[in-house]
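This report describes selected features of a predicted model. It treats strand pairing and backbone geometry in turn.

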Amino acid sequence: MKASLGAMEEARRALDAPLFADVAGDAAVSFEFFPPKTEKMEATLWESVETLSVLNPRFVSVTYGAGGTTRERTHATVARIARETTIPAAAHLTCVEATREEIDAVANEYWNAGVRHIVALRGDPPTAGAKFQSPAGGYANAADLVAGLRKLHPFEISVAAYPECHPDSADATADLDNLKRKLDAGATRAITQFFFEPETFFRFRDAAAAAGISAEIVPGIMPVMSFAAVQKMSAMCGTQVPAWMGRLFEGLDDHPPARQLVAATIAAELCRKLYAGGERAFHFYTLNRAELSYAICHLLGLRPQTMARAEAA
């Protein structure tokens, strides 16, 4: 049976389009890690930092546990990155269960350790499902925290954005108003919560522009390490998990290498579509594992800087 002209034309276009080979490699990337709990996890973290550092990230960030539960480990990890690598290190800082004086003291410690970038967040209460309450004498919200940091030092400040609306916001308009307050308070850029379809980001980008937001909004990318874990995290933060993702990951629980290949493909395709839509910056939630993020960056045309310099010479 002969293929229709339409099908033949579609096949020709698919054959003519190189698989990521024509991506220019001009993307700017950043990576997020969490502070390690054990010596083994610390070794894994530093292997990941070493693997990804050759891609010349513009910064790497280290998270801060709910209620400040990882404060010391976060500080130690960020300080070590600042001390032992050439990568700009960013420290997460939240408003939860601490006074202004305590938070300011932590920020001053970061500045004294050579850290010039803060990811300023309202933060989550230490009890799952509890509502955030500003502690007595504390910062009321992320916008208040940004303003406070601005008074201390000329930090570079990133804040969070929610393409599918923060669960605590009344609606999308209120959520955008809150984002604008954070940026107007002095934040440098916004980094989004993870999402899984490019249209989600593009709709949010358009809505932010319509609301008068002109600051950089960086899409946050979550490569799927565990589909069950992603479903749990998504339910907590209001992210929609498309039905097609469930079908793709079905049956892969007992096949980690295959699951990793599928995860890299999905995230790389998301980045490719975002790139085609004009985005040139991506923030990867690595979960302290480098392989998936490295593969996606490779597909985006990024190469180790030593290799790039050798080829240029």
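Two strands are taken to pair if DSSP finds at least two bridges between them. In the pairing of strand 4 with strand 5 (residues 156-161), His 117 stands opposite Glu 156 of strand 5. These two strands run in the parallel sense and are joined over 3 bridges.

Strand 4 also pairs with strand 3: the two are parallel and 5 bridges join them. Within this pairing, Val 119 of strand 4 is the bridge partner of His 92. Together with helix 4, strands 3 and 4 form a β-α-β unit of right-handed sense. Strand 4 (residues 117-121) is largely enclosed by the rest of the structure, because 4 of its 5 residues are buried, that is, under 20% relative accessible area.

A second topic is backbone geometry. Most residues other than glycine have a negative phi. Glu 97 and Leu 287 are listed below with their positive phi values.

| Residue | Phi | Loop | Relative accessibility |
|---|---|---|---|
| Glu 97 | about 50 degrees | between strand 3 (89-94) and helix 4 (100-112) | 52% |
| Leu 287 | near 55 degrees | between strand 9 (281-285) and helix 11 (291-299) | 32% |

Glu 97 counts as exposed because its relative accessibility is 52%, and the cut-off for exposed is over 50%. Leu 287, at 32%, is partly exposed. The loop that holds Glu 97 leads back to the unit described above: this loop lies between strand 3 and helix 4, and both elements belong to the right-handed β-α-β unit.

Terms used:
Residues numbered from 1 in each chain as written. Predicted model: local features only at pLDDT ≥ 70, side-chain atom pairs only at ≥ 80, totals over all residues. Heavy atoms only, no water. Buried < 20%, exposed > 50% of the residue type's maximum accessible area, 1.4 Å probe, protein only. Right-handed = clockwise from strand over helix to strand, strands pointing away.
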